[in-house]
Amino acid sequence: MLLVFVLDTGANARSLQMTERLVRSAPINCRVVPLQRDFAAAMNREILSGYTEPFFVTLLAGESVDESFLSQADAWMRRADDTVAGLLLNPESGWNGDEKRDPPRGPVVWRTEAVRSGNGPGFATLDRLPFERYVLLELQYRLTPAWRWSEIAADCWSVRRGSNPGWMRTREEWEALAPLLAAKPSSQTAGCRPLFSVVICTYNDAPYLKWAIRSVFVQQCPDWELIIVDDGSHDETALILEAEAADPRVTVLRNETNRGKGFSLNRALAHAKGAWLVELDADDWLAPDCLSVFAAHIRSESESESELRTGAYFAGHYEWQQLSGGHQPVYRNIRQPARFTPETLLEYAEPLAPRCFSLSALRELGGWLVSDPFGGSLYEDIQMLLRMAQFYAVKRSDGTLYHRRLRPDSVTSVNRTSYSSWKKWFLQTVCRSGNE
């Protein structure tokens, strides 16, 4: 019996029921499975074991199909050769240039064998892809190196248009995510000293960790190592990192108890082999060109004659709002910081991300201080940038190179009122002591 999944990626319940009803009216024998969330997990349960049909279908709630659609889809796939993973359908009317259209929706018909193939078979679950409405497209991109796709104009199926509410800013979201979805893992020559040591410090961030790690593996610049410090997590973090540690480019360190961000960064600094250290929070992710843009600045810097050595770079970032109870972040805006001054940073505490530090400069400064009232667990980013700026240049890079997730339960959000006491400590202790 042919499986037909109907995914509700933002359409209302009426649209879901309409599409489901249209499919059920088809003469071909099929089982319709409506899905309202956790699409990948549900489809994988059906497809990866026990399913015997050579093909299956994925529709989005709100799409229209006539009674001939399933019969035509079945005929198309049976005519396709064994290298075709599925069908991309375009309605005859077309929709190029439609400003209200949704992003590309991915294949409609899938070959079961193709979905089961590869090192990571099946659709990407929420821990690997926190944006469910791109679950079809992500697998299409992932299968493309080994499989082909057939594109067919079809008047028996019509795409939905502008189905998402305006507050979702769908076009901006797509433009921000498309480079990462399409990016492929990079390869690195074994034995080479990396230019970058990317550091993730994580504490009970298992639901977000795989997406952050993926953003490192698909960097356009392959000249990196990844150091992950598990700061005493008691969720599923250890299981995730056990699998990641098999890659020779990944080093996993663990604190037996929660010691805080500053302490964890210092542990990573002691093990780092690169020339530059890039911070990545476990619930954030890098743009695919992040390291390549920093690498270009570093090469340019080495060729110039600058009086003040560069100690750090920063750039613009995307902001994503994690709503309470929501299972995926919502695009918010782009944050492009102005020219850096220590006085402005200390006054307004505006987050600067990403941050790329010279390892030699970090070591000359003795790493991150953990003697503040919060043990280095808060405002360690501001602390290091302010200390760095007293001896080195801190430079802004063009571009939007980082994705920052705003969570209501984050350490920064929960301790929002603590900055004034931290600032007082910094001015009275660090600046006045003359240690810097």
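This section describes the fold, cores, second largest pocket and selected elements of one chain.

The model is predicted. The chain holds 15 helices and 17 strands. Of its 436 residues, 53% are buried. Contacts between residues at least 6 apart in sequence were examined by separation, and 82% of them join residues at least 24 apart. The exposed area of the chain is about 19,500 Å². Carbon and sulfur atoms supply 50% of that area.

In soluble globular proteins, nonpolar side chains tend to be buried together. In this chain, the largest nonpolar core comprises 67 residues. F69 and F123 have the most contacts inside this core. Beyond its neighbours within four places in sequence, F69 contacts V57, L59, L89, V108, C156 and W157. A second core, separate from that one, has 36 residues. Among them are Y379, L386, M388 and Y392.

Helix α2 spans residues 39–47. Its buried residues are F39, A40, A42, M43, N44 and I47. These buried residues pack against three strands and two helices: β1 (2–7), β2 (30–35), β3 (55–60), α4 (112–115) and α5.

Helix α5 also contributes to a pocket. The second largest pocket encloses about 870 Å³ of space. Its lining consists of 24 residues, and G120, R128, E138, R142 and P185 are the closest to the pocket centre. Two elements, α5 (135–143) and α7 (206–217), each give two or more residues to this lining. The greatest contribution comes from α5, with five residues. By class, the lining of the second largest pocket has 13 nonpolar, four polar and seven charged residues. Helix α5 thus appears in two settings: it packs against buried residues of α2, and it lines the second largest pocket.

Strand β17 covers residues 393–406 and includes R404. The relative accessible area of R404 is 18%. Buried means under 20%, so R404 counts as buried. Leaving out residues up to four places away in sequence, R404 touches D284, H317, Y318, E319, W320 and P351. The contacts of R404 thus include the run H317, Y318, E319 and W320, together with D284 and P351.

Notes:
Residues are numbered from 1 along each chain as its sequence is written. This is a predicted model: local features need pLDDT of at least 70, side-chain atom pairs count only at pLDDT 80 or more; totals for chains, interfaces and linings use all residues. Side-chain values use heavy atoms; hydrogens and water are left out. Helices (H or I, at least four residues) and strands (E, at least two) are DSSP runs, numbered from the N terminus. Buried means under 20% relative accessible area, exposed over 50%, partly exposed in between (1.4 Å probe, protein chains only). Contact means heavy atoms within 4.5 Å. Accessible areas come from the Shrake-Rupley method with a 1.4 Å probe; for residues, only the protein chains shown count as cover. A nonpolar core is a set of buried Ala, Val, Leu, Ile, Met, Phe, Trp, Tyr and Cys residues joined through side-chain atoms within 4.5 Å. On a 1 Å grid over the protein atoms alone, a cavity is a set of points where a 1.4 Å probe fits but cannot get out, and a pocket is an open set with protein on both sides within 12 Å along at least five of seven lines; lining residues have an atom within 4 Å of a point. Grid points are joined across faces, edges and corners, and a volume is the space filled by probe spheres set on the points. Ala, Val, Leu, Ile, Met, Phe, Trp, Tyr, Cys and Pro count as nonpolar, Asp, Glu, Lys and Arg as charged, and the others, Gly among them, as polar.
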